[in-house]
Amino acid sequence: MNWQLSLIAGSQKHPFGVWATVLLLVQLSIIGATKIDLDVNFNDYFGHDDAGFVGLNQLQQTFVREDGLLLLLENEQDWRQPEQQSRLLDFIEYLQSDQHISAIGGYAAFIERLPLVNESSVVTGQKQALTQSLTHSQFSSQNQSISDSLLLSYKQHPRLPLVLSDNGKAIILSIEFGQNDMQQYSTEALWRLESIDRLQGISESFWSAKAATANLVPKFNQAQSAVKVLLSGEQALNWQYAKVLRHDLSWFAPSLFVIIGLMALFFIQARLWLFAIALNCAVTLAIVLGVAGWFNLTIAAISAFIPVIIITLSLAYSAHLYLGWQAGIKAGDNNPLIFSFSHNKQPLLYATLTTILGFGLLTFSPSPPIQVFGILVAIAVACHYLLCHSLLVTIVSKANQNYSDGKLRVFVNPVVTLAKRAALLPKSIIMVVGLVSVLALLSASKLELNDDPLNYFPDDNPFTQSKLTMQQDFFGINPLYFEVGTGSVPMYDKQYLGFLFQFARFLQQQPEVNHVTHIGDWVKSAGLSQSQLKRIMTQHSVSDIGLEAEISSQYQSSLITVYLTSLTAQQMLAFEAKTTAWLAANKTALSVSPALGSSLLFAHLSIHNANSMLWSFGIALVVLSLVLGFLKKSPYFALVGLMVNFLPLLWVFAIWQLVGGYISIGSAVVLGIMLGIIVDDTLHLLLKLPEPQTSDIESRATYLQLFWMHYAGVIPVICFTSLTLVLGFGIGLASDFAPIAQLSLLSCMVILLAWIFDVFVLPVIYQLRRQSINDN
């Protein structure tokens, strides 16, 4: 441990060298921070070498997709009425005049060719029948593909239900942006964010202006009804991820300043110490951001919580040194700073190592943002430890040695009194802990995986609202894809089409399925025979037919799209297993891809991540038992240390299950990181409390006096750090991103319970240990 004191002595001897080194690191970090890629993307949560992710990307390149950005328009009246269709045409023309929009699809491809619905038919409730009677024989031939022109006059276009609701009051327009102005933005994420904000703004202003006009002319009030504008699709999802990241960062920063202010107001009275601690936090955060930029690490919405954790942990760890410095002043030591480091060097070192271990285990997660989360916080903890032994020393060496812990004692003295009373009933306390732990184990064992990335936003979020509209008026936003290759069987063959219909019938019968689409729908609507279909496919390209979204460019495969209801991760995996079993039981010469979809990918990610965190938790338990056993040279206290840190986690997850909680990305991460954090206070107590030994302590009174004296000396910093951690992690409760909110809530609960175990249960265990030694 002498190297720590040597580092401190070197920092005091060469302060300019320390500052020069720190300034150089900060400059390099600032340069690196400018390289951080803030292109927040839902797909960043998946490993890019994952087979499912690769397959989904290939599928999106093989087939033309128009669902990247969807503009939903909800009307109080049927869009097929003459007045409403006229308004919609004006709106489409208005969008087309915007230089940033390159293409408009979806319902826009139908509007000029659909027969109108008159008001009388709507009033008499014939909307459904009229929708069924829409025919392409009435369409104009302009821009009409072969697939459109071949449809039977009494058949509805297979794609129409995907963009027009049954009652005609909701429609979908697909939007594509031109990329001519992308180079004006520093990142693609900023360009996308500004483009979608602009689209939402001009759309809402258009319909607001229409509504205002209607109010000026009362007789047109019915025709000029209110229109609700919503956005959906993958780009809209990424848009909201970026919005959440911005919201959280804007809220977290001032909240951290408030916490630092509270610490200064109530506890940290020395200004130089406060400045040094704040500077250490700032330098640590800058270095971490620099590392993220220089190494191009993945930043996601959950990354917004990284600065909060870094600064919170920095404040908590610095508190040990500050309060140790105060204790040195109170004891009359000539060098209270060295006194503090001497008394805290072992606990701080092992606490730093255990915290690094806890966050380092997040690298076992299959999700890159979670891996980066663990790496950056682990680097921050190590960096802050070194800064405390160097930069902080050069500042606080000149601090006025004024001792004042009155405010802290006001909070701590009742705690010590209550702990003494609890220690008088050791067997009763242990029995209660044991009983509650058994019940908690039963409850926690019932926790289920129930993650859904589409439900990560609050109810008033625009994406959440659009999701509800898609579920109510259309077929939802949870598609699953199967690519069916031709192999030796041509696409126009009855065997190929027969398999599509057979598989689609099975899928449509499942309660999880809203709708199924494939090229057989078009063939059926066109009434084509095998010979007619063969002639079309041999004489025309896929683009000529207009089925690029359903057929690959060389007629080598086609796509079956399954629109699922809103499913949790566990339900998604169950549905995948069901389809896999059906395909295995109905073998075919055709090649059928595994089920592919973003929600399914996330379901697998959730399972893998939960399992990884459980393994990480197990590894952390083993390592901590070895560390505690080594430090105390006692298997008994190694088990005690594990118990007072494992049981708080068990109790919290038991409560989580009772209130309807589930295993998600956010809650699973808590397992990985909390054990490394809460063990720190246990280490301070175990290393500073005297262990009862009959040879060293002559009487019970002597031991009790010595025990409570050491306990009262260490308990202030335990209370201070726990309070700091709860306040810091509690900031995340204000997040609009569910994983951060869950991580924050569970972490606060674990820290509070761990504090209760350390402060009240651990002294009870010591008293039981003393009694057993005396009895023997």
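# Around strand β7

Reader: I've just opened this one, so where do I begin: what stands opposite V562 in β7?
Author: Let's begin with the words: helices (H or I, at least four residues) and strands (E, at least two) are DSSP runs, numbered from the N terminus. Two strands pair if DSSP finds at least two bridges between them. Opposite V562 in β7 stands V516.

Reader: What sort of model is this, and what average pLDDT does the protein have?
Author: It's a predicted model, where local features need pLDDT of at least 70 and side-chain atom pairs count only at pLDDT 80 or more, while totals for chains, interfaces and linings use all residues. Residues are numbered from 1 along each chain as its sequence is written, and side-chain values use heavy atoms, with hydrogens and water left out. pLDDT is the predictor's confidence in each residue, from 0 to 100. Here 90% of the residues score at least 70, and the average is 85.

Reader: Over residues 118-143 pLDDT stays under 50, so how many contacts beyond four places in sequence does the model have there?
Author: A contact means heavy atoms within 4.5 Å. Residues 216-223 also stay under 50, with 10 such contacts beyond four places in sequence. For residues 118-143, the number is 44.

Reader: Back to β7: how many bridges join β6 to it?
Author: Strands of a sheet pair through backbone hydrogen bonds, either parallel or antiparallel. β6 (residues 513-517) and β7 run antiparallel, and T517 stands opposite T561 in β7. The number of bridges joining β6 to β7 is 4.

Reader: And which residue in β7 is the bridge partner of V484?
Author: Here the other strand is β5 (residues 479-485), which pairs with β7 in the antiparallel sense over 7 bridges. The partner of V484 in β7 is S558.

Reader: Which strands stand at the edges of the sheet?
Author: It's an open sheet of 4 strands with antiparallel pairing, in the order β6-β7-β5-β8. The edge strands each have a single partner strand, so one side of each is left without a neighbour in the sheet. Those two are β6 and β8 (591-592).

Reader: Are the residues that point either way from β7 buried or exposed?
Author: Buried means under 20% relative accessible area, exposed over 50%, and partly exposed in between (1.4 Å probe, protein chains only). In a regular strand the side chains alternate between the two faces of the sheet. S557, L559, T561 and Y563 point one way from β7, and S558, I560, V562 and L564 the other way. On both sides, they are buried.

Reader: What about the loops around β7: which residues is T568 in contact with, leaving aside neighbours within four places in sequence?
Author: T568 sits in the loop between β7 and α24 (569-585). It counts as buried because its relative accessibility is 17%. Its contacts are N450 and D451.

Reader: On the other side of β7, roughly what phi does Y555 have?
Author: Y555 is in the loop between α23 (542-545) and β7 (557-564), and it's buried, with a relative accessible area of 16%. Most residues other than glycine have a negative phi, and most peptide bonds are trans. Y555 isn't a glycine, yet its phi is positive, near 60°.

Reader: N296 has a positive phi of about 50° too, but is N296 buried or exposed?
Author: N296 lies in the loop between α12 (271-294) and α13 (306-330). Its relative accessibility is 55%, so it counts as exposed.

Reader: How much space lies in the largest cavity?
Author: On a 1 Å grid over the protein atoms alone, a cavity is a set of points where a 1.4 Å probe fits but cannot get out, and lining residues have an atom within 4 Å of a point. Grid points are joined across faces, edges and corners, and a volume is the space filled by probe spheres set on the points. A search of the whole structure finds 5 cavities of 30 Å³ or more. The space in the largest is about 100 Å³.

Reader: Which residues are the closest to the centre of that largest cavity?
Author: The largest cavity is lined by 14 residues. Helices α13, α27 (665-688), α28 (700-730) and α29 (738-775) each supply at least two of them. The closest to its centre are I677, I678, D681, T721 and L725.

How values were computed
1 Å grid on protein atoms, 1.4 Å probe; cavity = no way out; pocket = protein on both sides within 12 Å on 5 of 7 lines; lining within 4 Å.
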